[in-house]
Structure formats: C-alpha cells, structure tokens
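Please give an explanation, in running paragraphs, of how this structure is put together. It should lead through selected strands, the domains, the contact between the chains and the overall build of one chain.

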Amino acid sequence: MTTTRLVITASPHVHAQADTPTIMWNVVGSLVPLVAIATYFFGPSALLVVGAAVAGAVVAERVLGNRGSLGDGSAAITGILLGLTLPAGIPMWMAFIGGAFGIGFGKLLFGGLGYNVFNPALFGRAFLQAAFPVAITTWPAVGAQVKWWSLRGDNLALPFMSPRPDAITAATPLGLMKFEAKGTSLFNLFVGNTGGSLGETSALLILLCGGYLAWRQFLNWRTPVSIFATVAVFSAILHFANAKYPTPFFMLFSGGLMLGAVFMATDMVTSPVTNAGKWLFGLGIGVLVVSIRVWGGLPEGVMYAILLMNAVVPFINKATQPRVFGTRVVKEATP
Amino acid sequence: MSVFTLRPSNFRHGVHPPEHKELTAARPIRRMHFPSEVVIPLRQHAGKPAKLVVREGDHVLRGDVLGEADGFMSAPVHASASGKVVEIGLWPHPDGTRDMAIRIAVEPFSPQVPRPRLVPYWESLAPEEIVRAVQQGGVVGLGGAAFPTHVKLAPPRDLSVETIILNGAECEPYLTTDHRIMVEYPERVHLGARIMMRTLGAKRAVIGVERNKPDAIAALERTRPTDIDVTVLPLTVKYPQGAEKMLIKTVIGREVPSGKLPVSLGVVVQNVGSAASIAEIFETGLPLLERIVTVTGPGVREPANLIVPVGTKVRDVLAECGGLTDDAGEIVFGGPMMGNAIASLDTPIVKGTTGVVVLARAQTRHEATYPCIHCGRCLDACPVFLNPSMLGDYARVQRYEEMEALHLGDCMLCGSCSYVCPSNIPLAQMFSASKSALRRIKAAKPAGAA
C-alpha cells in the first residue's frame, strides 16, 4: 500500500461521457449523408467542391491554429458546411480559398474554437460571394440533362483563370420565384431534386440528420424550431395578405433555410448560450430571412440573416440571463 | 397523516451521474476494530475550530473533551478512544491542508470504557438545555458540510420553524451511509426528529428519501410514530437532490431567497445521520465519537459500511476493507461529486466524512480541456440557474466583481456544471477559487468603503 501513487484532482471526480471532440465528430458524421446525396444529385463535382473546401479549412487550421486543434473536428465541420453551401460548378480553388478564409479570418483571428463571433463556414461563404459573385451564383441543373459522372462546371479551373462557361445551368427555386415568378413543386423541394447549392436541396435528409443530432443532444432543437416557426408564421401572414408572396411551405423548404437553420444557426459557439436566447436568435433569423427574400435585392437571405444575428449574440446573452434560484421578485406591501 | 398538503414540486435542472450504490447498499453496518492510533483535528466543523484543553502526555478516556467549543458557532471535539496524547501539531486534514490535530496512542487491549456520566432524560429538558446538550455532544451535520447541528436548533427569536426536513436524499454516487442508517436505525432517526421538533416547536417533520432506497423508505414507514406529524417523502433520483435549497424546493415548493437562510421560510434541514446522532447522545450520554462511513469504489477490495472512530487514519480504514486494489488511483473523502481527493493515507476520518471512495486509475485519467464552445449544457445543469459558461469566462480573466454580479455567491459548488462540460473545464474548481479571491478582495477593502 505504501507504493500506491495517488492522483489528486478537484471535484467533481466523475464526468459525463460526451466531450467536445465527440460532439464535433458526430456533427461531421451527420453531414456525411448530405455529402452523399449531393454527390447523387450533382455527381463527382460535389465531392470535389466539398473536398476542396475541407482541405482549405484543414490546412488553415493546421498552419495557423493551436497545436492539436485539428483533432477537435471543428475545422472539418466548417469545411464540409462551406462546401455544402456552394454550387456544384464552382472551381475548386475558390472553394479552397473560402475554407481557408473562413477558418483563418472567421475563426482563428478571433482566438480559435470558442471565441469566434461569426459562423466560420458562412464567413467563408460571404467572402466568396463578395469575391466571386458570378461563380457562386451559377447553378448547375439537376436531373437528366447531364450524365452523372460529368463535372457540373469548371471545377478544375486554374486559379485566377476565367472558368469556361459550358455547363448546363438552371435557376434555383428562389431565383425562379424572385426573378421569373415561377413556382417549384413542393415534392421536389422536399426531396431535393432542384437546383441550388450542394447541400441545401434535400430538406428531408437535413431534417433526418438534424433530428439525430438533437436526439443525441449534440444540437439544441430550440434554434431550428424557432426559425421554422417564425418563417412559417411570418410568410403565412404575407401570403394571406397578398398572394403574390410565396406560401410558407415554399419558404420553409427552398433555398438554404433547412441547412442554415439545422446546421449553421445551431453552431454552439456563435449562437446564444441561454435557452431563451436561442428562441430569440431563431426569431431574428426567421424575420431576416423572410424580409431579405421578399423585399431584398437577393433571392436568398439565410447567410446574411445568420451572420447578422451572430453579431448580436452577446447582447442576446446579456438580455436573457437565467433567473437565479431564490431571486424571484416577491411583491411585498411597502409602507 | 399529514394535515398539510405536500407538494413534491421537484427542483429543476440537475444531473444524473451513474449511482454505483450497489457496491455497498445491501451491506450491513459493521464496527471496525480500534486502530492503534487516532488523530483528532480541532477543526471538524463549519465555524470556529475547537479550543484545545489537553496537553501532550495527558491520558484521556474515551469520550473526554480534547477541545471545547469556542463560542456558539463552534463545537467541541472528543477523544474517540482511550489512550495517551502523544503529539499536538500539524497533521494532514481532509480538506487538503495541514491543521492542528491531537494524536492519541490508543491503549492496547483496552475495553474502551468511557468515563461514567449521568444521562438526563431528554423530555425533562428545556429547549435551550437540549441545544446545549447537542452542542456539548459535538454533533455536527453528518451529511458532509459539518455545520454545527445545535445552531440550527436555535433560530433567531423572531423566526419560527414550522417544518423540519430530514435529509435522507443521499444523492452523491457511491455513498450508502445514510441509506444504511435509515434501514438499520429508523427508530433513532424518528427519535431524533421528535427531539428536534420539540426543541424547535415545529409542527411537522418530513423525511426526504430518494426513490432508489425503497428499503429505507419502507423501514421509516414501518417505524413511523403516529402521535406526531412525520411524513416519509420519496424523492426523484437526481443530483443534487440532497442540497439544502433543492430539498426545500422539492418538499415545500418554495425557493429559499438568495442570501437568506432556510429558517426564513420556517424550515430547518438536518441530515438523517445527524438526527440519529442526536437520538444517540440522549440514549447513551456519549458525545459523537464515531460515525458511519461508506468505504467503496472500484479501488477497494471489500467495500463496506463501517462504524469508524473519529480520527481513524484512512490507512487503517482501508486495511479493514481488504486494502486497495492494484488499479486504485484516487482516494476521495465524501462523494465523487463534491468530495476532496486526499494526498496522504494518514489523513483522519472526521465527523463530516460521509464516505471514502477509491476511484480506479482509469476513472481519474487527466482529461484534455478544450475551449468553452458555449453549448449551454452547464446552464441546463445548474440547479440554481446560474450561467456557468459566462462565469467561467470571467473567472479566466479574474473579473471577480462581475462574477459576483452574476450571483457567484449562490453557487453551491455542487459540480453539476463541471460534470456535464464537454470541454472538461473545471468550472466548480474555478468558482471555488473565485469565491476565495472575492473574500480576500472584500477583506482587503478599507472599512467604510462601499
């Protein structure tokens, strides 16, 4: 017994199982089906674009990040999510730069995991949107017009060379709605058989994957539920006031709303820490999404809605502090 | 039956650590042999330490006073075994420091007969005499906090106590001390409740027991007196159900106001073991000389519920339980959620030691910490609705005043936040250190400054 070497740690001496890398890698795992269905719809281009975005994020994290920070899996999430928000035909070097920019400027410049204000994937995408407005809004068509294995654009273009515009493109449902006043079948929206970014097309699969994460408590369900409810109510009011506005179903299942609400607005680092704050955060995103889509100059507003709400998270946190036990205001008769 | 409507409106939040109580839950309490030496610290309770009244070389009998209470917020300590005082000096203390203690070489082959004394019948005593007898008996909260029991029996004159809650929740994993007391000595628990009710003039007593101890609930029900209002209330199994404020919320449905004492709601909470001890000092006339300790965990060969003389070194307690296993890694005094890891096998068992939990080396591996990702799990765990995430951010940059504004003072250090934190941030440890820092800052401020 005299040779026993004792360990001294602070209480509590037992811990719950899930740690941060477990959460992060579970999110990565739940994104794999989305990449798979994107590959089904968009062919090998999907893999190339997502791969390039991941490579950019991972290289930036490895070069600029703290030692060992790659292992927590958060850079991989950023890369995959960014890839899923890009069109299939975008050149790989752009996706790479977007991933590197998202991690480098969107996350590491703020201090790395846990300190960033903005969702790194959307930060990278916003950069790409500003830098390459044409490439990021060229939507390849989905379906029978092209062979599965053909590239959906000039994925292999060299950096800073103009890509060859030879792909068959198609407008996104939101683009059709906004600029051509055309509808899209709700079933296609739900299953994902529409034009759009790689990962945003199949609402069904996004809900399934998000449901898994919520069930494992790796994702707080309040944020997406709040966003969906807000968008549904707000757009329903608009639709019934004036039928030229799209139906709430169309609003919910088109564009990047599903992907953004389930996988980006729920980013723990850049969303409020309180449950009341999560409801508020979702409300703000919902209002902004519908406003941008209906009255803004862009067909899609999920990215800016989330980034704008990211910026006010500290204020939401301050405003929604929980009521501490034993501090309920008791009305007492004042003499 | 109770004429009051009990509202078991459970407290919110909390965590569910694995219980591991099966190691000792069914093992009857047994008495351990007297060790060859006991070491009795003068500080075994919250409040002022006891004042030394013996000298090196003195012979003491079992039950003799070694240190007397230093004022009302203090309790005496007694010799738990007859023998010779061989040393008075600094000794490893269960809280991790070294503190003044009296080392007694126990007389070999002694029958350990205490000095004869008169035992007054408790019913003939006035409430203040009972309070004095409880203090002289050295009874302190046996649930871990070791708050002097008699202080809670003498509330301020302008407040009246309606309800006494006996805490039999025992929500810490591994521990079965209170469980076995309730199963084996339920009459003592009820007698303790009766004495306290009379002392405080309380109308009713509620014994709260977590539902994972059905045999304890059954034993208490079977022996429940019918001439006074005593209720046995099964509680949801959830940590920290046994925290005073949580238990009060569960039993009477009201929150103890921040910064106030339970007595402001007309409630006093006592541990069931303390209640049994009060009964015992009036049954035997002996002060608190021994306590029941659960010795358990994967690092102990033969887990047991032992009656241990106060001051027994943990080395002797472990030897009584077959010793440590080869993969023993950490020895914790108390439960694994709030207990202290000890650094020396010479550390003595004190009155507040509810258990000795020996964790396996694999359980104590040093876990990598990650930055806070603001997942909010700690907010959903905190039973007093703090924002541990934000408090942790402030603690890291030593902004103690901001922490105080976020109600750091309401933190009970229950460890629920640390338990759930996926980034393994030692939140409870940081808050404990911040509380000390805040106390130092306040003490350093000149008097009169706001």
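Val295(B) has Ala304(B) as its bridge partner in β14(B). The model in which this pairing appears is a predicted one. The pair belongs to a ladder of 6 bridges between β13(B) and strand β14 (residues 304-309) of chain B, and the two strands run antiparallel. β13(B) also pairs with strand β17 (residues 355-360) of chain B, here in the parallel sense and over 3 bridges. Within that second pairing, Thr296(B) has Val357(B) of β17(B) as its bridge partner.

How many residues of strand β13 (residues 290-296) of chain B are buried? The count is 7 of the 7 residues, so the strand is largely enclosed by the rest of the structure. Both of its faces are covered. Glu290(B), Ile292(B), Thr294(B) and Thr296(B) lie on one side, Arg291(B), Val293(B) and Val295(B) lie on the other, and all are buried.

Strand β12 (residues 267-271) of chain B can be read in the same manner. Because 5 of the 5 residues of β12(B) are buried, this strand is largely enclosed by the rest of the structure. Val267(B), Val269(B) and Asn271(B) point one way from β12(B), whereas Val268(B) and Gln270(B) point the other way; all are buried. The strand is joined by 5 bridges to strand β9 (residues 163-168) of chain B, and the two run parallel. In this pairing the bridge partner of Asn167(B) is Asn271(B) of β12(B).

Chain B also contains an open sheet of 3 strands, in the order β3-β5-β6, with antiparallel pairing. Its edge strands are β3 (51-52) and β6 (77-78) of chain B, each of which pairs on one side only. Between β3(B) and strand β5 (residues 65-68) of chain B there are 2 bridges, and these strands run antiparallel. Lys51(B) stands opposite Glu68(B) in β5(B).

The next topic is the division of chain B into domains. The domain assignment gives domain 1 (21-26 + 126-284) and domain 2 (377-444) of chain B. The centres of these two domains, taken over C-alpha atoms, are 29 Å apart. Domain 1 of chain B gives 6 residues to the contact between them, and domain 2 of chain B gives 7 residues. On the side of domain 1 of chain B that touches domain 2 of chain B, the residues divide into 4 nonpolar, 2 polar and no charged.

Leu386(B) lies in the loop between α9 (377-381) and α10 (388-396) of chain B. Is this residue buried or exposed? Leu386(B) is buried, because 27 other C-beta atoms lie within 10 Å, and 20 or more are needed for a residue to count as buried. Setting aside neighbours within four places in sequence, Leu386(B) is in contact with Leu391(B), Leu406(B), His407(B), Asp410(B) and Cys411(B), and also with Val324(A). Leu386(B) and Ala243(B) are 143 residues apart in sequence, and their C-alpha atoms are 16 Å apart in space.

The contact with Val324(A) leads to the interface between the chains. This interface takes 51 residues from chain B and 35 residues from chain A. On the side of chain B that touches chain A, the elements giving two or more residues are β15 (328-333), β16 (340-341), α12 (416-420) and α13 (427-444) of chain B. The largest share, 5 residues, comes from β15(B). By type, the residues of this side of chain B divide into 29 nonpolar, 17 polar and 5 charged.

Chain A has 14 helices and 0 strands. Along the principal axes, the C-alpha trace of chain A spans about 75 × 65 × 30 Å. The radius of gyration of chain A is 22 Å, which agrees with the value near 20 Å for a compact globule of 335 residues. Buried residues make up 53% of the 335 residues in chain A. Among contacts in chain A between residues at least 6 apart in sequence, 74% join residues at least 24 apart.

One helix of chain A may serve as an example. Helix α5 (residues 120-131) of chain A has 12 residues and reaches 16 Å from its first C-alpha to its last, close to the 16 Å expected. The buried residues of α5(A) are Pro120(A), Ala121(A), Leu122(A), Phe123(A), Gly124(A), Arg125(A) and Leu128(A). These buried residues pack against α3 (74-84), α4 (92-104), α11 (257-264) and α13 (302-311) of chain A.

Note on methods
Residues are numbered from 1 along each chain as its sequence is written. Chains are lettered from A and ligands numbered from 1 in the order in which they are written. This is a predicted model: local features need pLDDT of at least 70, side-chain atom pairs count only at pLDDT 80 or more; totals for chains, interfaces and linings use all residues. Helices (H or I, at least four residues) and strands (E, at least two) are DSSP runs, numbered from the N terminus. The expected span of a helix is 1.5 Å times one less than its number of residues. A residue is buried if 20 or more other C-beta atoms lie within 10 Å of its own, exposed if 12 or fewer, and partly exposed in between; C-beta atoms are placed from the backbone. Two residues are in contact if their C-beta atoms, placed from the backbone, lie within 7 Å. Domain bounds come from an automatic or database domain assignment. Ala, Val, Leu, Ile, Met, Phe, Trp, Tyr, Cys and Pro count as nonpolar, Asp, Glu, Lys and Arg as charged, and the others, Gly among them, as polar. Two strands pair if DSSP finds at least two bridges between them. The radius of gyration is taken over C-alpha atoms; the globule rule is 2.2 Å times the number of residues to the power 0.38.
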